[in-house]
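Visitor: Please bring up the model, and let us go through the labels one by one, setting each against its definition.

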Amino acid sequence: MSLDLLGFDNVLFPVGDLGEAVDFYERAGFPLSFRLDEAGIAGLKVGEETPGLLLRQEDGLAHRPAGDWSARVWLEVPDARKAALELTSAGLVPEPPFSVSTGWTVELADPWGNVVGFTDYSKRPGLGRV
């Protein structure tokens, strides 16, 4: 079987408090696309693409640290080490940047253990976006 996969629609993260989550992700550099409190969802922009990061409030979901089980999405940035500095200056606490085969990556966990990675292609620029 072969599906005709066309690309990403949205990446969905469960959160325990929609307002707190929107504030966290806006400080992490994600512009708000829409917010529907009555539905418990908010959409955040990722670059110029229509798909983005979708936050969905889940009642009873408490703060928890990230773990090996955590959902992860990595997004391309021009410079991951610079992104780490900007996240820190916004009052967030990313993990230290680490080297990957294509460049550098820094990961940031939200209060519910969802992880966003910011990765660059500094070692293999031909593979990155132009």
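Guide: About 950 Å³ of space lies in the largest pocket, a volume being the space filled by probe spheres set on grid points that are joined across faces, edges and corners. This is a predicted model, in which local features need pLDDT of at least 70 and side-chain atom pairs count only at pLDDT 80 or more, while totals for chains, interfaces and linings use all residues. Residues are numbered from 1 along each chain as its sequence is written, and side-chain values use heavy atoms, with hydrogens and water left out.

Visitor: What makes a set of points a pocket, and which residues lie nearest the centre of the largest pocket?

Guide: On a 1 Å grid over the protein atoms alone, a pocket is an open set of points with protein on both sides within 12 Å along at least five of seven lines, and lining residues have an atom within 4 Å of a point. By that rule 32 residues line the largest pocket, and Val46, Gly47, Leu75, Glu76 and Val77 lie nearest its centre. Two or more lining residues come from each of β3 (41–46), β4 (49–57), β5 (72–76), α2 (80–89) and β8 (115–119), where helices (H or I, at least four residues) and strands (E, at least two) are DSSP runs numbered from the N terminus.

Visitor: How is the lining of the largest pocket divided by class?

Guide: The lining has 17 nonpolar, five polar and ten charged residues, with Ala, Val, Leu, Ile, Met, Phe, Trp, Tyr, Cys and Pro counted as nonpolar, Asp, Glu, Lys and Arg as charged, and the others, Gly among them, as polar.

Visitor: Why is the contact between aspartate 23 and arginine 27 called a salt bridge?

Guide: A salt bridge is a side-chain nitrogen of Lys or Arg within 4 Å of a carboxyl oxygen of Asp or Glu; aspartate 23 and arginine 27 meet at 3.5 Å, N to O, so the pair satisfies the definition. Aspartate 23 and arginine 27 are four residues apart in helix α1 (residues 18–27), and therefore about one helical turn separates them.

Visitor: Which other pairs satisfy the definition, and how many salt bridges does the structure hold?

Guide: The structure holds seven salt bridges, among them the one between arginine 35 and aspartate 37, whose closest N and O atoms are 2.9 Å apart. Another joins arginine 72 and glutamate 107 at 3.1 Å, N to O. This pair links distant parts of the chain, with arginine 72 in strand β5 and glutamate 107 in strand β7 (residues 103–109), 35 residues apart.

Visitor: Is glutamate 107 buried or exposed, and how do you know?

Guide: Buried means under 20% relative accessible area, exposed over 50%, and partly exposed in between (1.4 Å probe, protein chains only). Glutamate 107 has 11% and is therefore buried, whereas its partner arginine 72, at 42%, counts as partly exposed.

Visitor: What makes Met1, Leu3 and Leu5 a patch?

Guide: Patches are made of residues with over 30% relative accessible area and no salt bridge, like charges being joined within 9 Å and nonpolar side chains (Val, Leu, Ile, Met, Phe, Trp, Tyr) within 5 Å. Leucine 3, at 58%, counts as exposed, and leucine 5, with 73%, is exposed too. Together with Met1 they form a nonpolar surface patch of about 480 Å² of accessible area, as given by the Shrake-Rupley method with a 1.4 Å probe, where for residues only the protein chains shown count as cover.

How values were computed: 1 Å grid on protein atoms, 1.4 Å probe; cavity = no way out; pocket = protein on both sides within 12 Å on 5 of 7 lines; lining within 4 Å.
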